[in-house]
Amino acid sequence: MVLKRRHLLGIQDLKVEEMELILYQAKAFKEITQRRIKKVPTLRGQTVVNLFYEPSTRTRTSFELAAKWLSADVVNISTSTSSVVKGESLRDMAKTIEAMQADTIILRHGQSGAPHLLSNLVSSSIVNAGDGSHEHPTQSLLDIFTLLEHRPTLNGLVVGIVGDILHSRVARSNIWGLTKMGAKVVVVGPPTLIPVEIERIPVEVAYDLDKTIERFDVLMILRIQLERQQSNFFPSINEYVKFYGLNNERLKRAKEDVLIMHPGPINRGIEIAPEVADGPHSVITDQVTNGIAVRMAVLYLLATGWGEG
Amino acid sequence: MKLFKKAEVIDEKDMARTISRLAHEIVEANKKVEELVIVGIRSRGVPLAKRIAQRISEIENREIPVGILDITLYRDDLTLIAPQPIVRETQIPFDIDEKTIILVDDVLYTGRTVRSALNALIDFGRPHAMHLAVLIDRGHRELPIRADYVGKSIPTSKHETIEVRLKETDGADEVLICELKER
Amino acid sequence: MTKILIKGGRAVDPASPLDGKRDILIEEGEIRAIEEEIRCEEPEVRVIEAEGKIVTPGLIDIHTHLREPGREDEETIATGSAAAAKGGFTTILCMPNTEPPIDNHSLVKFIIDKSRTEAVGNVLPVGSISKGLEGESLSEIGQMVKGGAVAISDDGYPVINTELMRRALEYTRIFDIPVISHCEDTNLSKDGVMNEGYVSTILGMRGIPRAAEEVMVAREIILAELTGTKVHIAHVSTKGSLAMIKEAKRRGLKVTCEVTPHHLILTDEVVMGFDTNTRVNPPLRGREDVDALREGLAEGIIDAIATDHAPHALNEKELEYGLAPCGIVGLETALGLLLTEIVNKGVVSFFDLIAKLTIGPARILNLERGRLKVGSPADVIIIDPREEWVVDPSRFVSKSKNTPFNGWQLKGKTVVTIINGRIAVENGELV
């Protein structure tokens with residue numbers, strides 16, 4: 001098996017074997033992240049550009065360490081869509097980065113499809129680090145990697161993704177990733193935050209967390225954006241917490257060995273209570289460590305795969 | 001192109017004797033056996049390393065730590081080779097500081113693999129010394145590298161290949177000289 | 001002015017109705033004679049052989065955007081009308097969302113004067129409903145109509161204020177012109193970039209529900225009933241809208257509607273590749289809607305097919321999907337697409353298709369065009385139904401190239417366009 005791709009734009013179009021290869025490679029890279037000297041010379045002389053149009057300390061740092069531990073030179077470009085003429089930025093930025101001879105561009109952007117556009121504008125490899133509400137493929141890969149450290153297989157597991165599914169790229173990538181790997185996904189949230197026709201993917205839709213929580217082997221809790229309240233997706237944060245916040249009380253009904261995940265950053269006390277985030281079921285810190293290993297695997301495979309699009 | 005077998009240079013009995021001799025030579029040259037660790041280079045260096053370690057522990061009545069090294073990420077031809085090489089896990093679950101490492105591989109040829117392995121091991125710490133043990137030395141070095149313990153030296157031409165087969169990986173213990181030829 | 005004799009073609013005129021072999025004589029800008037055989041030996045007569053081809057009235061596009069004044073880099077009256085002529089359209093209505101908008105009689109006059117000197121075909125201005133397209137106070141509709149505006153519309157900027165819409169409808173009763181409504185509840189469609197459905201869900205893009213259109217279609221029908229005046233629903237895109245329009249017509253209300261070629265041909269599946277040339281307003285809908293629109297066309301509920309030709313500069317379309325402007329060019333591809341995808345695939349007959357492009361829009365506007373009739377203005381085109389061609393935006397006459405149909409293989413093309421008795425297009429190219 002070879003990952004014959006120039007770009008990683010999403011999980012939707014990845015084959016299961018490609019996902020398995022990335023996960024297998026990530027295991028080898030995880031060993032490197034545990035060494036005293038965390039550096040291999042593999043991508044020496046290559047330039048990786050972190051192009052972030054949305055603030056994200058976690059994802060950007062994770063990609064930066066992954067690239068540096070592979071000995072690539074890393075340039076960080078953080079900008080915001082509001083500071084430049086609307087929309088003009090990406091195309092112009094693409095030309096600038098092209099001139100810098102970047103081998104790989106890691107793109108985080110507020111618009112769905114921005115990485116696809118960028119891949120048509122430059123010859124570099126593109127890694128999607130989150131585009132709009134569309135996809136966040138490395139997050140899904142690291143979530144699956146983390147689950148596989150705790151479970152032999154995802155076959156037959158029931159995963160509940162709880163919260164703002166409508167606006168979540170993490171949810172979309174994980175729905176594709178988890179179902180490809182054999183898990184069953186149930187999305188749980190208020191009807192206003194569940195996108196239409198999502199059952200066709202296929203996933204199951206539930207609105208009541210208390211009635212469904214006992215079924216889940218894994219609970220993936222999404223960050224709730226406070227500004228959604230202003231758009232009337234729900235009446236108040238307070239009410240949201242009452243119905244969907246994961247606390248110890250609610251957790252009592254869950255399976256004894258349920259795993260709790262969260263892509264971060266966490267609103268402690270809102271979508272997840274501090275005692276749950278730091279509790280025995282939580283694998284949230286594993287997710288962070290594994291993120292670097294998975295991203296090293298992705299960078300390595302894209303750099304050596306040189307296949308067509 | 002197809003690979004044709006030309007000759008068998010080591011059979012099962014020879015293999016056992018050779019490994020035993022290598023183990024004895026290593027013990028003789030390294031009096032402080034407690035400082036000895038063995039690291040096999042993937043893939044066939046690994047079962048060889050384990051067999052040598054086993055033999056040494058029989059001789060010395062002492063467990064010898066064995067590590068596994070994958071040198072893919074240190075290769076100097078990474079972006080030139082196809083298909084994409086798969087990185088296997090490196091397992092060196094012990095401290096190598098102030099240890100004497102016996103690096104084990106099946107065939108010593110250009111020396112580039114050994115160069116990669118030396119670079120990789122230095123990232124794990126600062127050993128007292130590193131020695132190289134190989135089953136076959138077939139010549140044609142491209143780097144200033146030599147083996148400290150050699151099972152058998154076999155002069156070859158460049159269009160010949162050495163096929164090392166081990167029970168653990170290939171179901172039999174033998175070493176063959178083969179040649180690439182047009183059908 | 002020379003005489004033109006079109007000989008040996010199959011004449012199709014839904015208004016007459018006529019479908020048969022006819023010779024047509026054109027003189028002094030008018031159709032002089034339509035007969036089974038016309039002999040004319042005079043040397044100054046220009047004879048066009050139309051054997052094997054189809055002669056129809058010049059097409060009328062009730063919905064185009066020329067970017068003059070304001071964005072002449074994207075389209076002008078000259079280039080837009082030339083693109084129209086090449087596509088077989090001899091008369092086009094230009095929407096008022098220019099910069100500044102056509103919201104007063106001097107801008108109407110500007111369009112009319114400019115068209116007289118620069119346009120290839122007939123360009124009829126549509127005035128705005130509200131001043132500045134702001135949806136707050138009525139434009140001076142009477143003076144615009146007197147100056148030559150043939151309809152009013154705030155196309156692109158839906159009139160949210162229901163009271164204002166009611167007054168606009170009532171007031172236009174004096175002039176007997178249609179109010180063209182772009183039906184969109186902008187609260188429901190807010191921040192939406194494509195049809196709300198499975199595709200928007202997997203792409204993670206904000207959807208525009210069908211209800212955003214249907215709520216306003218329902219409102220316009222109710223207001224049409226209240227005021228008794230003509231409402232024309234622009235670019236219908238959903239099954240639900242069509243059902244309401246069908247019912248309104250059954251009840252005898254003066255409600256008409258149009259549909260675009262792209263809404264008849266494409267579904268929201270094409271958004272998958274993030275090509276910004278699939279971003280239109282209203283958005284491309286689902287299969288069920290496309291099927292309903294085709295059925296509505298066949299049933300006769302749809303009165304006209306209009307291009308909604310909306311030119312945009314390449315650098316404005318080469319953007320992230322959600323930031324790109326809506327709209328595609330359509331004048332040069334409409335007929336070929338409709339013949340290939342709608343007529344040749346058996347949705348409606350050639351005759352019925354031509355009706356929706358000629359007499360259909362002419363009736364909505366009370367125009368004395370769109371028919372082959374002795375004494376009528378000589379807007380006549382000749383279509384070669386067998387010519388196969390490939391859509392190549394680089395060869396467009398329009399200044400803008402934003403089309404999702406790049407590379408499509410089409411069959412059927414306008415080869416000759418005669419406007420007011422002048423040959424504008426010959427051998428498929430502008431004269």
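Me: In the contact of chain C with chain A, how many residues come from chain A?
Reply: This is a predicted model. The contact has two sides, and chain C supplies 16 residues to it. The other side, from chain A, numbers 21 residues.

Me: Which helix gives the largest share of the side of chain C that touches chain A?
Reply: By class, this side of chain C has 8 nonpolar, 5 polar and 3 charged residues. Its largest share is 4 residues. They come from residues 198-203 of chain C, helix α5.

Me: Which pair of chains shares the most contacts?
Reply: There are 2 pairs of chains in contact. Chain B and chain C are not joined by any contact. Of the pairs in contact, the one that shares the most is chains A and C.

Me: How far apart are the closest C-alpha atoms of chain B and chain C?
Reply: A contact needs C-beta atoms within 7 Å. No contact joins chain B and chain C. Their closest C-alpha atoms are separated by 28 Å.

Me: How many residues of chain A are in contact with chain B, and how many of chain B are nonpolar on the side that touches chain A?
Reply: Chain B puts 14 residues into this contact, against 17 residues of chain A. The side of chain B has 4 polar and 4 charged residues. The values asked for are 17 residues of chain A and, on the side of chain B, a nonpolar count of 6.

Me: Which element gives the most to the side of domain 1 of chain A that touches domain 2 of chain A?
Reply: The domain assignment splits chain A into domain 1 (16-135 + 288-305) and domain 2 (137-287). Each domain gives 21 residues to the contact. On the domain 1 side, α1 (16-33), β4 (125-131) and α11 (284-305) of chain A give two or more residues each. With 7 residues, the top contributor is α11(A).

Me: How far apart are the C-alpha centres of domain 1 and domain 2 of chain C?
Reply: Chain C is divided into domain 1 (3-55 + 376-430) and domain 2 (57-365). In their contact, 32 residues of domain 1 meet 45 residues of domain 2. The distance between the two C-alpha centres is 26 Å.

Me: Which strand gives the largest share of the side of domain 1 of chain C that touches domain 2 of chain C?
Reply: Elements that give two or more residues to this side are β1 (3-13), β16 (380-390), β17 (409-419) and β18 (422-426) of chain C. By class, the side has 18 nonpolar, 7 polar and 7 charged residues. The largest share, 7 residues, belongs to β17(C).

Me: Are α4(C) and α6(C) parallel or oblique to each other?
Reply: The axes of α4 (residues 162-171) and α6 (residues 210-227) of chain C come within 10 Å and cross at roughly 45°. Angles under 35 degrees would count as roughly parallel, and 65 to 115 as roughly perpendicular. The crossing is right-handed. The two helices are therefore oblique.

Me: How many residues of the contact of α4(C) with α6(C) are nonpolar?
Reply: Thr162(C), Met165(C), Arg166(C), Leu169(C) and Glu170(C) come from α4(C). Opposite them in α6(C) are Arg219(C), Leu223(C), Ala224(C), Leu226(C) and Thr227(C). The contact has 2 polar and 3 charged residues, and its nonpolar count is 5.

Me: What is omega for the peptide bond from Arg42(B) to Ser43(B)?
Reply: Most peptide bonds are trans. The bond from Arg42(B) to Ser43(B) is cis. Ser43(B) sits in the loop between β2 (36-41) and α2 (45-60) of chain B. Omega is near 5°.

Me: Which residue does a cis peptide bond join to Ser16(C)?
Reply: Omega of this bond is about -15°. The partner lies in the loop between β1 and β2 (18-27) of chain C. The residue is Pro17(C).

Me: Is Asp308(C) buried or exposed?
Reply: Asp308(C) is in the loop between β15 (304-305) and α10 (314-317) of chain C. Its phi is positive, near 55°. It has 30 C-beta neighbours inside 10 Å. The cut-off is 20 or more, so Asp308(C) counts as buried.

Me: How many C-beta neighbours does Ser71(A) have inside 10 Å?
Reply: Ser71(A) is in the loop between α2 (57-69) and β2 (73-78) of chain A. Its phi is positive, about 75°, although Ser71(A) is not a glycine. Ser71(A) counts as partly exposed because its C-beta neighbours inside 10 Å number 15.

Methods
Residues are numbered from 1 along each chain as its sequence is written. Chains are lettered from A and ligands numbered from 1 in the order in which they are written. This is a predicted model: local features need pLDDT of at least 70, side-chain atom pairs count only at pLDDT 80 or more; totals for chains, interfaces and linings use all residues. Domain bounds come from an automatic or database domain assignment. Ala, Val, Leu, Ile, Met, Phe, Trp, Tyr, Cys and Pro count as nonpolar, Asp, Glu, Lys and Arg as charged, and the others, Gly among them, as polar. Axes are lines fitted to C-alpha atoms, for helices over the stretch in contact, and angles run from 0 to 180 degrees between N-to-C directions. Angles under 35 degrees count as roughly parallel, over 145 as roughly antiparallel, 65 to 115 as roughly perpendicular and the rest as oblique. A crossing is left-handed if the near helix is turned anticlockwise from the far one by less than a right angle, and right-handed if clockwise. A residue is buried if 20 or more other C-beta atoms lie within 10 Å of its own, exposed if 12 or fewer, and partly exposed in between; C-beta atoms are placed from the backbone.
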